[in-house]
Amino acid sequence: MSARDEILSHVRRHGSASRPELQTALGMSRPVVAAVVRGLLTEELLTEHRGENRGGRGRPGRRLRPRYPAGAVVGADVGHRHLTVAAATLDLTIRAERRVAIDVDTRPTAALDITADMIRQTVEEVRLTVDGPVSACVVGIPGPLDMSKRAIASPTILSSWSGLDLAAELGSRTGLTVSLDNDANLGALAEHRHGATGHRGNLIYVKASDGIGAGLIVHGIPVNGSFGAAGEIGHTQVIPDGDWCRCGNRGCLETIVSVRQVLHQLQHFYPGDTDLRSRLPEIAHHPVARKIFAESGRTLGRVLANLCALLDPAAVVIGGEMSQAGEAFVDGVRDSIERLAQPGFDNRVLVVASALGTRAELIGSLTLARDIALRDGFRRAGDRAEADGPPGRSPL
């Protein structure tokens, strides 16, 4: 990758950077950074703004920010109980969004049809207001994916979709180039790029909803594993003779900590109330609910403590619906991680609720779609440059 490519990629990943930050992060000399930045400003791929004065002496430094071409991308979040589709410009300003409640687990065929219809409708809407092409679509799936086959890897989770090439199926129905990823991986990407952890290079993101999954970022890079199943902590066995899990084993973390199981424990405090799920922030103030949330958090934290010992992350971010269950749940996670950590390491891991809430997976799908659109656009530009004559500067 050329110096130009590295600088432009770094600014786009982080949202902004100063010249000294680029020198330090990329190990480039001051003259090289200055020359490349000057070219990118001329090409209008970067813009320059005055930075904030944080109380030091002298004028605030200048910050470089990315400038994006015209166009849009589409992201979709497929949950166990909902479908959400959005289209955004390449600066990730959402221009159109649709959401529908559906039990994806029991109505997989209908869910696939509805997802395709929602993508088509969203594309038609955004094309009325955005110049440029709709160039990429990413769909987040709540289960392990075999990326080589672009299909659900598990025969027991979303079993009716197992073996189906979802990317090709949705692509043929929508006319878009569709990519897939695990929803927790997308949540991790969103928190790393746009969340409150400050672009920490190593983090664990946990989506705690109907399922429990983790997305891993190591040295700034998402980790999928050899077979696409990295982070499937929901099927870690916690109680050997516990309840049967949908994966076919007993006593999995998901059978204890999923939002469905937690709400089941709370149901007798709210007889006749069939919509506890939407009232989690309110219920979090109930004195007994706080105890249940805290104990559920401690159970999740015991599993995460082992993962922290293995990966040594800078941050653990709790997302999904259970992140809306007040401080008790996150405090419970933090308590177990600190209690089980090696001496001297207990206060190093930042444990926080997701800054993006239940939208992290959707924002992650749009972020990855933008990455793909920019990468493919630069690749096409490079192909044209080679066809037109002697190579000049390498496009990103």
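This is a short dialogue on reading helices, a sheet and nonpolar cores in a predicted model.

Reader: Let's start with a helix. Which residues of α5 are buried?

Author: Helix α5 spans residues 166–174, and its buried residues are Leu166, Ala167, Leu170, Gly171 and Thr174. They sit on the same side of α5, because they cover an arc of only 125° around the axis.

Reader: And what do those buried residues pack against?

Author: The partners are α4 (108–127), β6 (134–141), β8 (151–152) and β9 (178–182). Have a look at what comes after the helix, too: α5 is followed by Gly175, which has a positive phi, near 80°.

Reader: On to sheets. In what order do the strands of the open sheet run?

Author: The order is β12-β11-β10-β13-β14, so 5 strands with mixed pairing. The edges belong to β12 (221–223) and β14 (350–353); each has a single partner strand, so one side of each has no neighbour in the sheet. As for twist, neighbouring strands are turned by 25° against each other on average, ignoring direction.

Reader: How many bridges join β10 to β11?

Author: There are 6, between residues 203–208 of β10 and residues 212–218 of β11, and the two strands run antiparallel. To pick one pair, Val206 has Ala214 in β11 as its bridge partner.

Reader: Which helices go with this sheet?

Author: Helix α6 (residues 183–194) lies across β10, β11, β12 and β13 (315–319), at about 45° to β11. Helix α11 (residues 326–340) also packs on the sheet, where it touches β10, β13 and β14. The direction of α11 makes about 165° with that of β14.

Reader: Can we zoom in on single residues? Is Leu203 buried or exposed?

Author: Leu203, in strand β10, is buried: its relative accessible area is 1%, and the cut-off for buried is under 20%. Setting aside neighbours within four places in sequence, Leu203 is in contact with Ala188, His192, Thr197, Gly215, Leu216, Ile217, Pro313 and Ala315. It's also worth checking distances across the chain: Leu203 and Leu350 are 147 residues apart in sequence, yet their C-alpha atoms are separated by 9.2 Å.

Reader: What about a polar residue? Where does Thr89 lie?

Author: Thr89 belongs to strand β4 (residues 82–89). At 11% relative accessibility, Thr89 counts as buried too. The side chain of Thr89 makes a polar contact with the side chain of Asp91, at 2.4 Å. Beyond residues up to four places away in sequence, Thr89 touches Gly71, Ala72, Arg95 and Val130.

Reader: Last topic, cores. How many residues has the largest nonpolar core?

Author: The general idea comes as no surprise: in soluble globular proteins, nonpolar side chains tend to be buried together. Here the largest nonpolar core has 38 residues, and Ile233, Phe293, Leu300 and Leu304 have the most contacts inside it. The elements giving two or more residues to this core are β10, β11, α8 (259–266), α9 (280–283), α10 (287–311), β13 and α11. The most comes from α10, with 9 residues.

Reader: What does Ile233 touch?

Author: Not counting residues up to four places away in sequence, Ile233 touches Val206, Ile212, Gly213, Ala214, Leu253, Leu300, Val303, Leu304 and Leu307. You've met Val206 and Ala214 already, as the bridge partners from β10 and β11. Apart from this core lies another, of 31 residues, with Val85, Ile102, Val104 and Val139 among them.

Definitions and conventions. Residues are numbered from 1 along each chain as its sequence is written. This is a predicted model: local features need pLDDT of at least 70, side-chain atom pairs count only at pLDDT 80 or more; totals for chains, interfaces and linings use all residues. Side-chain values use heavy atoms; hydrogens and water are left out. Buried means under 20% relative accessible area, exposed over 50%, partly exposed in between (1.4 Å probe, protein chains only). Helices (H or I, at least four residues) and strands (E, at least two) are DSSP runs, numbered from the N terminus. The arc is that of the directions from the helix axis to the C-beta atoms. Contact means heavy atoms within 4.5 Å. Two strands pair if DSSP finds at least two bridges between them. Axes are lines fitted to C-alpha atoms, for helices over the stretch in contact, and angles run from 0 to 180 degrees between N-to-C directions. A polar contact is a pair of N or O atoms within 3.5 Å; within protein, one must be able to donate a hydrogen and the other to accept it, and residues adjacent in sequence count only if both atoms are side-chain atoms. A nonpolar core is a set of buried Ala, Val, Leu, Ile, Met, Phe, Trp, Tyr and Cys residues joined through side-chain atoms within 4.5 Å.
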